[in-house]
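User: I'd like to practise reading a model feature by feature. Could you walk me through one?

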Amino acid sequence: MKIHEYQAKLLFREFGVPVPEGEMAETAQKAVEIAERIGYPCVVKAQVHAGGRGKAGGIRLAKSREEIEQAARGIIGMKLVSPQTGPQGKQVRKVLIEKAQDIVRELYLAVIIDREKEMPVLIASSQGGMEIEEVSAAHPELIFKQHIHPVIGLWDCHSRSLGFKLDFHKEQHKAFSGIISRLYDLFSKKDCSLVEINPLIVTRDGSLLALDGKINFDDNALFRQPDILEMRDILEEEPLEVEASRYSLNYIKLDGNIGCMVNGAGLAMATMDIIKYYGGNPANFLDVGGATSVERVKEAFKILLSDPHVRVVFVNIFGGIVRTDLVATGIVNAVQGMDLKIPVVVRLIGTNEAEGRKILLESALNFISESDLAEAVRRAVALAAQGA
């Protein structure tokens, strides 16, 4: 789960990470009130779940009441388009009004999970304010990492090591170590998958501030983080993904035209790979789970058909725990009464597969049943090409 920058900074304040003075506003009038209170110059920052806001016109400097009102009116309601939003963009509904800072240095600092080493890792760089992926590709020697064993935890030597590499002087070492300690505390206690400050700035008076903040959370741990779950903004999420979450379906929308319904994450990934191998493009990742039900299959199918880009639905079910006849029943229930205008290719293998195929056949609906995976995918790819 993602949250907005202003929400990330509320958590930073809670854990003692220094941030600029600022507040969120949903109207230009509120933006002016905040600016008048904290003083000029101010920065107006679009609040969307995407980066690249500055280059997209979503961050503006204001030095007066007139400028803050003009900037807020220009940003609130705009369709912000950046490389991270895709061409469809994101509508801006909120802005963060912050006191402008006199910046001397811009750094990068983050805590993430290193999945290969299976432990958290601190990442720091002297090249803050830029996309860290670009820095890593062009100047990997400027990316510094410090792994933290989850049993041993964070030690002072971890912070000192990074501080020396970033060339801090004595007093800044102390402030930097404090920020790392609090950032890691936040990361651990709130079940984060990412906590990022980009940039972490050094101001003219030598202070360190988190000028921007990004926090992602482990969805599987949200049941024990009710305060974090309240921060969820479903308007920033893909509507079909929100709908899928209501039925505990693992769904991620993609850019292709072959709607996929599969049971099991591994099989779903393999299915997407083989679709690409035969020249097709999956429209989604959808795992209905290993012990699914008729109702969940029905809702999953409705979600696939709700995507206007889908030209064919490909169902690939391996009946281990799940019974394929239940899946077939769910598909038939979902389609009955609907004006189905796209082909459906179904591959049912495993538990009760004969019964499952019989249910599809006796439904009198236009399903294409295949038992061979390669042939089923080839049919789906060909039909998607014809539909496009």
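Analyst: Let's go through sheets, a helix, backbone oddities and a lone charge in turn.

Analyst: Before that, a word on the ground rules. This is a predicted model, where local features need pLDDT of at least 70 and side-chain atom pairs count only at pLDDT 80 or more, while totals for chains, interfaces and linings use all residues. Residues are numbered from 1 along each chain as its sequence is written, and side-chain values use heavy atoms, with hydrogens and water left out.

User: Which order do the strands take in the open sheet of four strands?

Analyst: Strands of a sheet pair through backbone hydrogen bonds, either parallel or antiparallel. Here the order is β1-β6-β2-β3, with antiparallel pairing. Helices (H or I, at least four residues) and strands (E, at least two) are DSSP runs numbered from the N terminus, and two strands pair if DSSP finds at least two bridges between them. β1 (22-25) and β3 (59-62) each have a single partner strand, so they stand at the edges with one side lacking a neighbour in the sheet. From one strand to the next, the twist averages 20 degrees.

User: How many bridges join β1 to β6?

Analyst: Four, and the two strands run antiparallel, with β6 covering residues 95-99. One pair to look up is Gly-22 with its bridge partner in β6, Glu-98.

User: Which helices lie across β2 and β6?

Analyst: Helix α1 (residues 5-14) lies across β1, β2 (42-46) and β6, at about 50 degrees to β6. Helix α3 (residues 65-75) lies across β2, β3 and β6, at about 165 degrees to β3. Those angles run from 0 to 180 degrees between N-to-C directions, with axes fitted as lines to C-alpha atoms, for helices over the stretch in contact (heavy atoms within 4.5 Å).

User: Where do the side chains of β15 point?

Analyst: In a regular strand the side chains alternate between the two faces of the sheet. In β15 (residues 284-287), Asn-284 and Leu-286 point one way, Phe-285 and Asp-287 the other, and all are buried. Buried means under 20% relative accessible area, exposed over 50%, partly exposed in between (1.4 Å probe, protein chains only). β15 is joined by four bridges to β13 (residues 250-253), running antiparallel, and Asp-287 stands opposite Asn-250.

User: What span should α6 have at 1.5 Å a residue?

Analyst: The expected span is 1.5 Å times one less than the number of residues. α6 has 20 residues, so it should span 28 Å, and the 29 Å between its end C-alpha atoms agrees. Its buried residues include Phe-176, Ile-180, Leu-183 and Phe-187.

User: Which residue with a positive phi follows α6?

Analyst: That's Asp-191, with phi near 55 degrees, in the loop between α6 and β10. Asp-191 counts as buried because its relative accessibility is 15%. Asp-167 also has a positive phi, about 65 degrees, although it is not a glycine, but at 64% relative accessibility Asp-167 counts as exposed.

User: Where are the cis peptide bonds?

Analyst: One joins Tyr-40 and Pro-41, with omega about -5 degrees, and Pro-41 lies in the loop between α2 (28-38) and β2. Another joins Asn-198 and Pro-199, with omega about 10 degrees; Pro-199 is in strand β10 (residues 192-203).

User: What is the nearest side chain of opposite charge to Asp-114?

Analyst: Lys-117, 5.7 Å away; Asp-114 is buried yet has no salt bridge. Such a bridge needs a side-chain nitrogen of Lys or Arg within 4 Å of a carboxyl oxygen of Asp or Glu. For charge, Lys and Arg count as positive, Asp and Glu as negative, and His and the chain ends are not counted. Leaving aside neighbours within four places in sequence, Asp-114 is in contact with Met-119, Val-121 and His-147.
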